[in-house]
Structures are given as structure tokens and as C-alpha cells.
Amino acid sequence: MRFQSIALRGYRNLGSVRRTDWGPGLNLILGPNGAGKTNLLESLNVLSGWGTFSGRVSSAVAWDSPDGRALLAARTSGERDIEVSALLSSRMTLKADGERISGSDLRARLPSLSFLPTDIDLIDGPSSVRRRFLDRLCALCIPSYARRLSEYRQLVRHRVALLRQGRSPARTTPPFVRLGGWILESRRRVLDRMLEGLRTEPDFSPLSLPFPFVLRAEPEIPGSGSDFLLAALEATAEREARACRPLAGPHRDDLVVSCLGRPASAALSRGQKRRLVVSLILMAGRFVGTYLRARPVLLLDDLGAELDAAGRREAGSALLGTGWQVFVTGTENPFPEVPAQIYGLDR
């Protein structure tokens, strides 16, 4: 899939009306800080069903919008030709070919993956960054995943409130175990399928690293996710009461990245870690494209700033070689040796 063009009205700082035509391969959005590069990238994230980067819809409406709304529209092509629109006010309304559509259904038809500067910390960053990586893959591959994850987070908040009040959280345990166990199993199933797909595709080469790396979800679950979570809740009940928060569940999950039996954060140099992150992005895109039978769109905010010169050359060639439509923002061209369509923004 790819975006052919987008039109924006009343969206953040991008002017009253903006129309942009996009190229099929590597698209570079360049300009000084504050010019709206990330906002333009975010508009593509909205139009592919994910919403704003912050999750706050109303904040994306320009302060001088005459009707207090923002309207986004796009024409896409590829495996499917779709006309998409998004109306933002206090909430977001999505349409595909004139018909209302949910975000999960739109994501399945127009798959995209976004990576912000915080996502570059997949190796050194907190576990929440790696959970976000897994959650996006699951949300693309399992239509009900995003809704169930939202329900689970509400249960976590409810359980925390009961614990802080000194009350028993027992009534939240059955749905907590049911939903949490399902999420744990879904994450591991998607990760296993991604890794299995890579083993059967010898022609796929992520960026070069001095040695192979291993991915696994932690904690390991020997059987049913619900049974595992129930046992974990029982084992941590006393500590949970003292901490006033659940100490087991998907919100404590992690994705362990290791090289030669050591954590990648300790085994790799900074440059190697950045190459590994780009490799993980390419792996995720390849899996999504195979699973959904549609080439994904990659949205990468300021990727070049995190790579050295050699890494930028390698990443640019690898991104171009995917055949996918890729958007990269930056203050300057991160891939000068790679053919790309360049869009300049001024303040």
C-alpha cells in the first residue's frame, strides 16, 4: 500500500489547507525544528487508523480552525485503492470510500508502522518501549487486540484504586486474569510467527551486525496465559497489597533482546544498537506485509539523527530496498546517496 496524496485543513500548524503528493518509495520530509515535520508525519498516522501520536484528538485541531475541526483526506493505492478521510474535533471519525470504519479495520486495510525518537530506545530504554513495539504488531494482526488492551488497562487502574483504598481487589481478578492471559498469549503468538517467518525467508537481510541476536518475551509462559497469570497473582498477593499495584500481568511484560547470551544493551556499541533497532523495524514491516498481504507504510521520525554516517548509508539502502513506501523526517537529508523524493517545510 502507499499514499498517493493527502489534503489537510485545520490540522495543527500546517496552514489552513495543505495538499501533498507522495512518491512510491523513500519520501524525506525536511525542514528546521518547528516547521511541522512530525505533524505531517502524524497526519499519515491518523489516516492509517492509528490516531495522533499523543492519543489526544482535540489537541491536533489548529487553534485558528474556523469550525473547531480538522479534516484530513488521502488517496491510497497498491493492493487496494482506498479514499480515506478523518474528521477530528473532540473525537475522531474515520471513513473509507465514504463509509464509516473503525481504526482497527482501517489499519488492516492500510497497514502502517510508526517509529518516534523514543522508539529508538528499544534496546536501552524501559520495558514500556518494547511493549509498545509488540502491541503495535498485535494491533495490526489481531483486530480485537487494541480494544482488549484498553479494557485491560482500565482493569489495572481499577485494581490499583482498590488497593490504594485498602480494599480487596478480588472482584477484579477473574476479568484481569482472562484479559491479561489472552494478551500475554497474543503477544507471544505474534512474536513467534514473526521469528518463524524470518527463518523461512533466507533472502531477507536486516542491517549487518557482528553476531546474531535473539528475541524472546519475558516472562516465559509454559502453558495457558490465564493459568500463569492467576498463579502469579496469588504468588505476589502480599507484595501487591504493600505496593498498591499489580506486580504481574501484561503491563509488566518485556521483550528481551540478547546477543551471544548477553543483553544487547551490554553486548553492543551505540552504533550497533541503532543498527539493531532498524533491523527490528524492517523485521516488523516484513512480518506485517506477509501477514496482511499488503506492503506496509513506514513512518520514521528523525531516524537519521540516531545513526552514524555508515549506519545512515546502510539504513537508507535497506529502506529503499524493501519496495515499501517510507517516510522519514529530518532537519537535513540523512540519506544523500539514496534516491528519494524530498519535501521541504519552512517555519
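This note goes through one helix packing and several salt bridges in a predicted model.

1. Two packed helices are described by the angle between their axes and the distance between the axes. In this model, helix 5, which covers residues 173–199, packs against helix 9, which covers residues 270–292, at an angle of about 95 degrees and with the axes 10 Å apart. Because angles from 65 to 115 degrees count as roughly perpendicular, helix 5 and helix 9 are described as roughly perpendicular to each other.

2. On the side of helix 5, the contact with helix 9 is made by Val 190, Arg 193, Met 194, Leu 195 and Leu 198, while helix 9 contributes Met 283, Ala 284, Phe 287 and Tyr 291. By residue class, this contact of helix 5 with helix 9 holds 8 nonpolar residues and 1 charged residue, with no polar ones.

3. Turning to charged pairs, side chains of opposite charge can pair when their charged atoms come close. Across the whole structure, a search finds 20 salt bridges, and the points below take up some of them.

4. Arg 75 and Glu 83 form a salt bridge in which the closest N and O atoms are 2.8 Å apart. Arg 75 counts as partly exposed because its relative accessibility is 43%, and Glu 83, at 41% relative accessibility, also counts as partly exposed.

5. A salt bridge also joins the side chains of Arg 109 and Asp 97, with an N to O distance of 3.8 Å. Arg 109 belongs to helix 2 (residues 103–109), whereas Asp 97 sits in the loop between strand 6 (92–96) and strand 7 (99–100), so the pair ties together parts that are 12 residues apart in sequence. Arg 109 has a relative accessible area of 29% and is therefore partly exposed, and Asp 97, with a relative accessible area of 44%, is partly exposed as well.

6. Helix 9 appears again in the salt bridge between the side chains of Glu 314 and Arg 275, where N and O are 3.3 Å apart. This pair links distant parts of the chain, since Glu 314 lies in helix 10 (residues 309–321) and Arg 275 in helix 9, 39 residues apart. The two partners fall into separate burial classes: Glu 314 is partly exposed at 24% relative accessibility, whereas Arg 275 is buried, its relative accessible area being 14%.

7. Beyond these pairs, one network arises from salt bridges that share partners, and the residues joined in it are Asp 135, Arg 153, Arg 187, Arg 188 and Asp 253.

How values were computed. Residues are numbered from 1 along each chain as its sequence is written. This is a predicted model: local features need pLDDT of at least 70, side-chain atom pairs count only at pLDDT 80 or more; totals for chains, interfaces and linings use all residues. Side-chain values use heavy atoms; hydrogens and water are left out. Axes are lines fitted to C-alpha atoms, for helices over the stretch in contact, and angles run from 0 to 180 degrees between N-to-C directions. Helices (H or I, at least four residues) and strands (E, at least two) are DSSP runs, numbered from the N terminus. Angles under 35 degrees count as roughly parallel, over 145 as roughly antiparallel, 65 to 115 as roughly perpendicular and the rest as oblique. Contact means heavy atoms within 4.5 Å. Ala, Val, Leu, Ile, Met, Phe, Trp, Tyr, Cys and Pro count as nonpolar, Asp, Glu, Lys and Arg as charged, and the others, Gly among them, as polar. A salt bridge is a side-chain nitrogen of Lys or Arg within 4 Å of a carboxyl oxygen of Asp or Glu. Buried means under 20% relative accessible area, exposed over 50%, partly exposed in between (1.4 Å probe, protein chains only).
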